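Subject: Structure handover

Hello,

Please find the structure below. My notes on it follow.

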Amino acid sequence: MRTFNSGAAFGLYGQDGGYNDTRDVLVTSTTDGVDLNDLWSEYQDTVALANAQRQALIDFLSFPVTNNIETVTQLSGAKFERASEYGEPRGARQRPSSLSLGYDFGWYDLANRYTWQFLADADVAQVNANHSAALQGHNELVFELVLSALYGGNVNRETDVDGQIIAVKGLWNADGTVPPAYKTNTFDGTHTHYMVSGAATIDSGDLDDLFEQLRHHGYDKSNGVQQIVAVNSREGKVIRTFRVANGDTYDFVPAAGEPVDSILDPGQQVSGGARISSTYRGLRAIGTYGEMIIVEDDLFPVGYVLNVGSGGAANLNNPVGIREHKNTALRGLRLVKGRDADYPLIDSFYNVGLGTGIRQRGGAAVMQIKASGSYAPPTEYLP
């Protein structure tokens, strides 16, 4: 996994671990006349904007938390009992469906080190390029941490909380914990949401299995949860071919704007109603398979299919918790000024404190597409 280190430089001049440099005198503006303190104020504004606009690939997967341990209710059912003439009705017993879940936490930073010599010769475009790269690096960091929590959760992690070792659990992973019953569905401690397809190529039965893995825990439309399948373009190409006529459970229905392999007669429409939009909450949607929306992006690893039950952006039913610091002043990406308050850009650095953990253990499932063997997480998203 990618990590950021305070000794790493990000610039057009200088080497990793060093400074953006050139000569020697204190300057107050770039070579094209932009005041450095004005730049500092602008960068603080854009950092705040970046914190407010989490990218869509993170939002639909996660929910913000601030505690290192959280008691989270998992979706489950409640039963009525026959009433007596004088008795009090019993309370709905949801206790078995609440789990104490841990989140790890770490500080990440990245330095944009400028000497006054560099700033004397740099124009504003060069300085802006460094800032933009840092914002992109922050998004990549959060995205990688979230996906690592999902793909790499087949083995539980650990974190140290004030000297106490706390488990940071993945999706249901046969760790001995019994998932709560949902309606007539019961489970045991070997239940897992880390699966192997049993074939070298994805087929429609894999999507059917992934749908069922979430549905039998209650993560479906009946509880306000949309199942979203995230795939690489390699798997997406195969999913586009699924047809009932070929024995598949559903036809793949392409999104509006996606290519279709049939021509409809005048007055005809796609069976089942209108096609979905080619974007879904900012994601590229290529179509639907049954109730599942298929999103495609090469940020998702080849040979893996991730099915996520999403309640919407930053919804409490989303599977991953993104932990930030309890102190509100230390949340989000921060641009920390350098040693000289009059010239804050010099020796400034970016800092963020983040951690992850699974909040809804039944709210997602991952399938590795391979002929045999046990599940192994992708190297891009090792925990």
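Tryptophan 107 has glycine 353 of strand 16 as its bridge partner. Strand 4 and strand 16 run antiparallel and are joined by six bridges. Strand 4 covers residues 106-111, and five of its six residues are buried, so this strand is largely enclosed by the rest of the structure. Please keep in mind that this is a predicted model.

Just before strand 16, which spans 349-358, aspartate 347 sits in the loop that comes from strand 15 (334-336). Is aspartate 347 buried or exposed? Its relative accessibility is 16%, and the cut-off for buried is under 20%, so aspartate 347 counts as buried. The C-alpha atom of aspartate 347 is separated by 7.7 Å from that of threonine 115, although the two residues are 232 apart along the chain.

On the nonpolar cores: in soluble globular proteins, nonpolar side chains tend to be buried together. Here the largest nonpolar core has 50 residues, and those that touch the most other members are Val127, Leu147, Leu150, Tyr151, Leu306, Leu354 and Val366. Helix 4 (residues 124-151) supplies the largest share of this core, with 13 residues. A second core, separate from that one, has 21 residues, among them Met195, Val225, Phe252 and Met367.

Helix 4 can be checked for length. Its 28 residues should span 40 Å at 1.5 Å a residue, and its end C-alpha atoms are 40 Å apart, which agrees. Of these 28 residues, 20 are buried, so helix 4 is largely enclosed by the rest of the structure.

Which residues does valine 366 contact, leaving aside its neighbours within four places in sequence? Valine 366 is in contact with Leu150, Tyr151, Leu171, His193, Tyr194, Met195, Leu210, Tyr304, Val305, Leu306 and Tyr375. Several of these names return in the aromatic part below.

The structure holds nine aromatic pairs. One of them, formed by tyrosine 194 and tyrosine 375, is tilted, with 5.2 Å centre to centre and 55° between the planes. Tyrosine 194 belongs to strand 7, while tyrosine 375 is in the segment after strand 17 (364-368), so this pair ties together parts that are 181 residues apart in sequence. Both of these tyrosines, 194 and 375, are buried.

Tyrosine 375 also pairs with tyrosine 304, this time edge-to-face, at 6.0 Å centre to centre and 80° between the planes. That pair links distant parts of the chain, since tyrosine 304 is in strand 13 (residues 304-310) and tyrosine 375 in the segment after strand 17, 71 residues apart. Tyrosine 304 is buried, as is tyrosine 375. The three tyrosines 194, 304 and 375 belong to one aromatic cluster, which also includes Phe143, Tyr151, Phe300 and Tyr381.

Two backbone angles may interest you. Alanine 174 has a positive phi of about 60° although it is not a glycine. Alanine 174 lies in the loop between strand 6 (164-168) and strand 7 (194-196), and counts as partly exposed because its relative accessibility is 40%. Lysine 183, in the loop between strand 6 and strand 7, likewise has a positive phi, near 55°, in a residue other than glycine. With 65% relative accessibility, lysine 183 counts as exposed.

Regards

How values were computed
Residues are numbered from 1 along each chain as its sequence is written. This is a predicted model: local features need pLDDT of at least 70, side-chain atom pairs count only at pLDDT 80 or more; totals for chains, interfaces and linings use all residues. Side-chain values use heavy atoms; hydrogens and water are left out. A nonpolar core is a set of buried Ala, Val, Leu, Ile, Met, Phe, Trp, Tyr and Cys residues joined through side-chain atoms within 4.5 Å. Buried means under 20% relative accessible area, exposed over 50%, partly exposed in between (1.4 Å probe, protein chains only). Helices (H or I, at least four residues) and strands (E, at least two) are DSSP runs, numbered from the N terminus. Contact means heavy atoms within 4.5 Å. The expected span of a helix is 1.5 Å times one less than its number of residues. Rings of Phe, Tyr and Trp (its six-membered ring) pair if their centres lie within 6.5 Å; planes under 30 degrees apart count as stacked, over 60 as edge-to-face and the rest as tilted. Two strands pair if DSSP finds at least two bridges between them.
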